[in-house]
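Student: I am new to this structure and would be grateful for a close look at a single part of it. Could you please choose one place where two elements meet and describe it together with its surroundings?

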Amino acid sequence: MELQAIKTDRLYVKVAAQLSKLVSDGIIVPGDRLPSERELAEKLNVSRPTIREAMIALELSGIVEIRTGSGIFVNEKKPFITSEDKGVGPFEILQIRGIIESEACSIAAKHISDEQIKQLKDTIVEMEEEEKRPDSSEKADWKFHSIIADATQNSAITSIVNWLWELRSKSDLSSAFAQRLRAEGVHPSIQDHTDIVEALEKRDAEQARIAMKKHIENATEAAATYFDNDPFSNIKL
């Protein structure tokens, strides 16, 4: 008896596959501008972050082109239709980071040492220097958040926070999108990181939670600017 492994597709993969089929069937043709993120989310009954992740997957597959400020267009060249899983999406990762790292920052405020505060300040300087290089990475940013996780004195929190960053780097979807954002001039906010350190230095748990939450929300909003939310398009689904 031959059995096949059960596979649960990520939601964005299902959305991308459905839109790919519309292209394959000729319902959406090359040159068409897709409906807005909001309209697609309503039609497909999914969240807007899921739509964004589906668009990233379709762009990586060469099916669409995301033109910042203009919209999302089906490529003129005949696309390769795919519904391949490209890893966990960036907006899903940001959402769970917002939940976990905000609370972690609050806990860290109660235990963080003067030496760790110094390390965080040094890491911000590293971050500033790193962003000046054309091949800038996110090593300093990861290091910053890892120091805060260590400051909680909870090894489980440290493991989870670092795992989320590893998940981001190993996901084709998330890592490719991060590179696109950098190319568009979107970088980690130095001011957000400075605000977090100031709250931690005061040992103010609530302010630290708010500062980290605001930082993740700002990062999510900055990432969302890559997409066009104009409600007008060539087609109606």
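Tutor: In this predicted model, residues 24 or more positions apart make up 75% of the contacts with a separation of 6 or more in the chain. The part chosen here is the meeting of helix α3, residues 48-60, with helix α8, residues 172-183. Both belong to a chain of ten helices and two strands, arranged along the sequence as α-α-α-β-β-α-α-α-α-α-α-α.

The axes of α3 and α8 lie 10 Å apart and form an angle of about 85 degrees; the two helices are therefore roughly perpendicular to each other. On the α3 side, the contact involves Glu53, Ile56, Ala57, Glu59 and Leu60, and on the α8 side Asp172, Leu173, Ala176, Phe177 and Arg180. Six of these residues are nonpolar and four are charged, while none is polar.

Phe227 touches residues from both sides of this meeting: among its contacts beyond four places in sequence are Ile56 and Phe177, along with Arg52, Met55 and Phe91. Phe227 also stands, with Met55, Ile148 and Leu200, among the residues with the most contacts inside the largest nonpolar core, which has 53 residues. Helix α1, residues 11-24, supplies the largest share of that core, namely seven residues. A second core, separate from it, has five residues, including Ala104, Ala149, Val161 and Trp165. In soluble globular proteins, nonpolar side chains tend to be buried together. Across the chain of 237 residues, 48% count as buried.

Technical notes
Residues are numbered from 1 along each chain as its sequence is written. This is a predicted model: local features need pLDDT of at least 70, side-chain atom pairs count only at pLDDT 80 or more; totals for chains, interfaces and linings use all residues. Side-chain values use heavy atoms; hydrogens and water are left out. Axes are lines fitted to C-alpha atoms, for helices over the stretch in contact, and angles run from 0 to 180 degrees between N-to-C directions. Helices (H or I, at least four residues) and strands (E, at least two) are DSSP runs, numbered from the N terminus. Angles under 35 degrees count as roughly parallel, over 145 as roughly antiparallel, 65 to 115 as roughly perpendicular and the rest as oblique. Contact means heavy atoms within 4.5 Å. Ala, Val, Leu, Ile, Met, Phe, Trp, Tyr, Cys and Pro count as nonpolar, Asp, Glu, Lys and Arg as charged, and the others, Gly among them, as polar. A nonpolar core is a set of buried Ala, Val, Leu, Ile, Met, Phe, Trp, Tyr and Cys residues joined through side-chain atoms within 4.5 Å. Buried means under 20% relative accessible area, exposed over 50%, partly exposed in between (1.4 Å probe, protein chains only).
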